Amino acid sequence: MATMGARMFRTPGYGLADESLAVLMETSLQSPAEPSPLIPGRGAMTGSTGNPACMPNDDLSPDPRPDPGAYQAGWRIDPDLCFLNHGSYGSVPAAVHGAQVALRERVERDPVRFFKADLEGLMDESRRALARFLSCRPGDLAPVRNATVGLCTIFANRPWKPGDEVVVTDHEYSSGLHELERIAPRAGIRIVTAHVPFPIDSPDRAIEAVEGAITSRTRLVVVSHVTSCSSLVFPVGRIADLCRRRGVDVLIDGAHAPGQVPVDIASLDPAYYVGSLHKWVGAPRGASFVYVRGDLQEGFRTIALSSRARKIHENRSLFLRDFDYMGTDDYTPFLVVPDALDAGERLLAGGWPALMARNHALALEARAIVCAGVGLLPSCPDEMTGSMVSLPIPDAHPAHAGRPTRYDDPLQDALLDRHGVQAPIWRLWENPGVRLARLSAQAYNRRGQYAHFAKALAEELGRERRPVDSSILIHRSC
Ligand SMILES: Cc1ncc(COP(=O)(O)O)c(C=O)c1O
């Protein structure tokens, strides 16, 4: 665990000239001084041109392998896998993993000192680094285990009155919706769903949908910054403005946002912002946060009160005290967030803005490659895209209904088992719903992987179109 106070990050924002971006797309990763100690020699096995830091110019040929330079930069994705789903769980770079291991060692040397004396100060160091990255006040940030707990904590702290309405879009992630559905009958509140079309031709459609769902009873609007299943970057700044004008609090679910798109909480000025740090920031799983606007912090408490809940310190707010310690747990994921921010900052010469711009450009290329290769259509304008794209795909012939799956759709099993592709296939709305393939673009991905995916998807969709095909059933031994 390095000292964090002195670290500075460039304010995130794409903000790159076209020429800079062109250079970034040619040069994918900076060559670090040392190869990763955890994965010795991996860079050499990928058959690169000798400079693992270069993204090959012939990268459009179908090639399932990750960028060879990625291994020397510390990504540990299986080199035999065409891994196109960074969005779900992220992947922890070796440097961040190493920092976490070192911190855990420190805990074990004197756990009492760690939990009683050191934890609070370390939490503040993490808050400060994260606040710089998100443009907000460190004292407004509360660490939580994951975004699900963050959403649940906010809902539990709302002063609901019977008849209150909460507006959600039909692109929201299921865990928050499940929690709202659980508390709605108890609290006497009504959940109003705003229908945002998909495919979508303009961010205006999302604004119109939310505006149309707000009534005089609306107390809270819940909206994703980047939607999970459909990968849409919602116009959250304009939605927050709209809510302010209508006197309604807004909760931005940014589970997918930090590290994928620029996040500037000060200018968004929402009531609440929830974010995950294990996805695009590269922190270990277990690192997420809730931002709570200052005027809403009084009485805002953790969902389970710890043994320290009544230990009031004059010079420390109860909000910070509560969220510093939520019972005995492993706090190292949040404590190494500064290391993750630092690792991301060092990946490309332009820091975080360059990494986000590079991933965004690669996601757009991925979409073009797959749409051309499979005959699909883009589902949203470029301005609604971050580092993920979701493409509507046709359904299988009804004769294949009921095929087993270990994931959300048997097509995902087929892509993995027959083509070594890990990419989610799921439905946007229930029954029948739009079937989607979602692709992520992270530093270790390269163009040839999307060409490989396109070939695999075209082949599997062809198989699914035929009413009978014995090879469609996959038998896997492991
Ligand atoms: C938009 C959104 N919100 C909330 C969550 C829940 O995150 P977690 O499973 O880490 O609690 C996710 C998960 O991917 C998500 O995409």
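Which residue in strand 12 does methionine 388 stand opposite? Methionine 388 faces serine 440 of strand 12, a pairing shown in the first view below.

The model is predicted: local features need pLDDT of at least 70, side-chain atom pairs count only at pLDDT 80 or more, and totals for chains, interfaces and linings use all residues. Residue numbers start from 1 along each chain as its sequence is written.

**Figure 1. The antiparallel sheet of strands 9, 12 and 11 is an open sheet of three strands in that order.** Helices (H or I, at least four residues) and strands (E, at least two) are DSSP runs, numbered from the N terminus. Two strands pair if DSSP finds at least two bridges between them. Strand 9 (388-392) and strand 11 (425-427) are the edge strands, each with a single partner strand, so one side of each has no neighbour in the sheet. From one strand to the next, the twist averages 35 degrees. Strand 9 and strand 12 (residues 435-440) run antiparallel and are joined by five bridges. Helix 14 lies across strand 9 and strand 12 and runs at about 25 degrees to strand 9. For such angles, axes are lines fitted to C-alpha atoms, for helices over the stretch in contact, and angles run from 0 to 180 degrees between N-to-C directions.

**Figure 2. Helix 14 (residues 351-374) packs with helix 16 (residues 447-465) at an angle of about 30 degrees, their axes 9 Å apart.** The two helices are therefore roughly parallel to each other (angles under 35 degrees count as roughly parallel, over 145 as roughly antiparallel, 65 to 115 as roughly perpendicular and the rest as oblique). The crossing of helix 14 and helix 16 is right-handed, that is, the near helix is turned clockwise from the far one by less than a right angle. Residues are in contact if their C-beta atoms, placed from the backbone, lie within 7 Å. Helix 14 contributes Glu365, Ala366, Ile369, Val370, Gly373 and Val374, which meet Arg447, Tyr450, Ala451, Phe453, Ala454, Lys455, Leu457, Ala458 and Leu461 of helix 16. By class, this contact of helix 14 with helix 16 has 11 nonpolar, one polar and three charged residues. In this classification, Ala, Val, Leu, Ile, Met, Phe, Trp, Tyr, Cys and Pro count as nonpolar, Asp, Glu, Lys and Arg as charged, and the others, Gly among them, as polar.

**Figure 3. The mixed sheet has seven strands, which form an open sheet in the order 2-8-7-6-5-3-4.** Strand 2 (141-144) and strand 4 (190-194) stand at its edges with a single partner strand each, so one side of each is left without a neighbour in the sheet. The average twist from one strand to the next is 20 degrees. Strand 6 (residues 249-254) and strand 7 (residues 272-276) pair in the parallel sense over four bridges. Glycine 254 has glycine 275 of strand 7 as its bridge partner. Helix 9 (residues 236-245) lies across strand 5 (218-224) and strand 6, at about 160 degrees to strand 6.

**Figure 4. The ligand is surrounded by Asn146, Ala147, Thr148, Tyr173, Ser175, Ser224, Ser228, Asp253, Ala255, His256 and Ser276.** A residue is near a molecule or strand if its C-beta atom, placed from the backbone, lies within 6 Å of it. The shell around the ligand divides into three nonpolar, seven polar and one charged residues.

**Figure 5. Helix 6 (residues 147-157) and helix 7 (residues 174-187) have axes that come within 9 Å and cross at roughly 30 degrees.** Helix 6 is therefore roughly parallel to helix 7. Their crossing is right-handed. Thr148, Leu151, Cys152 and Phe155 of helix 6 make the contact with Ser175, Gly176, Glu179, Leu180 and Ile183 of helix 7. This contact of helix 6 with helix 7 has five nonpolar, three polar and one charged residues.

**Figure 6. Two loops hold local backbone features, namely a cis peptide bond between phenylalanine 198 and proline 199 and a positive phi at serine 135.** Omega of the cis bond is about -5 degrees, and proline 199 lies in the loop between strand 4 and helix 8 (204-213). Serine 135, a residue other than glycine, has phi near 55 degrees and is placed in the loop between helix 5 (111-134) and strand 2.

Terms used:
Two residues are in contact if their C-beta atoms, placed from the backbone, lie within 7 Å.
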